[in-house]
Amino acid sequence: MSMTIIEKILAHGAGLEEAHTGDLVVCDVDMTVLIDLQFATMWTEPTRIADPERLAVIMDHAVPAPSVNDADGGVRAREFVKRFGIERFFDVGRHGICHQVIAENGLARPGQILTCTDSHTCAAGAYNTAARGLGPIEVYSIMCTGKTWFQVAPTIRYELLGAKPEIVSGKDIFLHVAGTYGDATNHNLEFGGEGLASVPMNDRRTIATQGAEVSADFTTFPADELCLDFLQQRIGERPVAVEADPNASYADLRQVDLSALEPWVARPGKVADNALPLSQLEPRKVDQCFIGSCANGQLEDLRIAAEMLRGRCVAPGVRLIVTPASQAVYTQAVHEGYVETLADAGAIVTNSTCGACFGYHMGLLGAGEVCITASTRNFKGRMGSPDAEIYMASPRTVAAAAIAGEIIDPRDILG
Amino acid sequence: MQDVIEGRAWVFGDSLDTDNMYPGFAMKLSAQEAAKHVFYDLRPGWTDLVEAGDIVVAGCNFGIGSSRPVAQLFLELGVAALVAEEFNSLFLRNSINFGLAAVTVPGAAKTIADASTVRLDVRRARIELVGDGAGLQGTPLPDFVLDILAQGGLLPKLAADGYLPTASARR
């Protein structure tokens, strides 16, 4: 019987010939990622673990430590990796937001299963991986046993048609999907189609990351030549792609004409059924603009921000915060001159961390403030006061808002 | 696991996200302290009213958002079970893995009045008003998942299998 990408990967992980909607499968997990918060909040050092080769530890959410509690977590993390011989340890200085570090280091591979204690682990679906976020206890359990279970959800297939215009980013594609089709709770998302070739890897990862924002289980992409080239550069070999069978069964088939898309924006609170084309949004002044996170702190996002800000200034009374997704992105952005351009324009370029995105440290919003963000989430209170408003858009649109002091079409800035 | 739970229902709406229940600022606190901020903006003061054995009933897409262990905070407050018309899967797993029953019952939030006393049969996924007898039938959890719940979540099993140092095995 025909299978979707995710059904094939889960079947393989469970040692089965096939897996289909509704099946409960117990899978070997190929790579598990622990993050710093795990060590700061509920850590008990285990007596033994399944396999140090299938484990990575990444410091990202609260670095450099903004509190003694977080610092103590760092101490426990370093003790743990030393005791158990974990080679894939990304400590502060060679760290980054886990999903960026996973991508840079080829930890997510086609056909494999990857789990991590962060809800945006679906990001690695961009690399043809079955990846999802799980709670801290479950990730701890997988660290110990090497296994977990999944109940195969029905899959919604997005068929991308046409070619993506330059002005449209992965964020706009995702916001279009979320605003048009709403939540996908207890469903998987699979993207594909002839239009995919026009969507670069960074945009695919933005889309996959945000699958969590429509409540999806797994979000996956096929591994085309672009994806395989990306992975080969990082792991030194060309992996084998997992493709959906031609007659695979989908809960729904939805077409997206990329060539017809324009910049999109989400209103505050959520993205599902709450996003619209930017051209339809009423005028809105902003206090803070943020470009960062696992979704949009990639080098390409910083390049776009720098291009927008080159020779221009952040508007008076507006704050623009830019957070590179990893130390590697940060150093590349320095070498490329993006950091200089952004800083000259009045932006704050921070160290790599999840800090501002989840309102834990740095760049919090006060009551009554309006923020437009190219990050992962626009929940009420997510970035500080519950009485602040968080709009969401692409890095280009966020940069345009920083320049204009209000949410505008970036093409109005570019002229 | 308690198979049948009787308690007061606290009824909430759709798409309650994890920031509603476990806001970023509460992540800096102990679970005991963080629990005081559940629904801090949506229903201020709720954590002073909720009592041990109560049941939280929500609408669709309950728990969209992060992997923050909200279940741990509900357990701190004494909440005995979660019922929703639809759960976000990460949120549901988090609850089960902490040993907190999470039962999907379509129509629950629309049918059950806030503050009513309900009887929840966790294994059969059935909820009814006490004294009324009229019930709603949900989708039972797979036996595999009920077993995790029956064991009190993942930690007792890990402890029994010797993965945890014995002193920390107790919860």
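With which residue does Arg132(A) form a salt bridge? In this predicted model, the partner of Arg132(A) is Asp217(A), and the closest N and O atoms are 4.0 Å apart. Arg132(A) belongs to strand β6 (residues 130-133) of chain A, whereas Asp217(A) sits in the loop between α7 (201-209) and β10 (219-220), so the pair ties together parts that are 85 residues apart in sequence. Arg132(A) counts as buried because its relative accessibility is 5%, and Asp217(A) counts as buried at 8%.

Two further salt bridges of chain A involve the loop between β13 and β14. Arg267(A) and Glu282(A) meet at 2.7 Å, N to O. Arg267(A) lies in the loop between β12 (264-266) and β13 (275-277) and Glu282(A) in the loop between β13 and β14 (288-291), so this salt bridge joins parts 15 residues apart in sequence. Both residues are partly exposed, Arg267(A) with a relative accessible area of 28% and Glu282(A) at 33%. Glu389(A) and Arg284(A) are paired at 2.4 Å, N to O. This pair links strand β18 (residues 389-392), which holds Glu389(A), to the loop between β13 and β14, which holds Arg284(A), 105 residues apart. Glu389(A) is partly exposed at 30% relative accessibility, as is Arg284(A) at 25%. Over all chains, 34 salt bridges are found.

Chain B contains 8 helices and 7 strands. Its radius of gyration is 15 Å, which agrees with the value near 16 Å for a compact globule of 171 residues. Of these residues, 53% count as buried. Chain B has 14 positive and 20 negative side chains, with the centres of the two sets 4 Å apart. Glu6(B), Arg119(B), Arg126(B) and Glu128(B) are linked in a network of salt bridges.

Key: Residues are numbered from 1 along each chain as its sequence is written. Chains are lettered from A and ligands numbered from 1 in the order in which they are written. This is a predicted model: local features need pLDDT of at least 70, side-chain atom pairs count only at pLDDT 80 or more; totals for chains, interfaces and linings use all residues. Side-chain values use heavy atoms; hydrogens and water are left out. Helices (H or I, at least four residues) and strands (E, at least two) are DSSP runs, numbered from the N terminus. The radius of gyration is taken over C-alpha atoms; the globule rule is 2.2 Å times the number of residues to the power 0.38. Buried means under 20% relative accessible area, exposed over 50%, partly exposed in between (1.4 Å probe, protein chains only). Lys and Arg count as positive and Asp and Glu as negative; His and the chain ends are not counted. The place of a charge is taken as NZ of Lys, CZ of Arg, CG of Asp or CD of Glu. A salt bridge is a side-chain nitrogen of Lys or Arg within 4 Å of a carboxyl oxygen of Asp or Glu.
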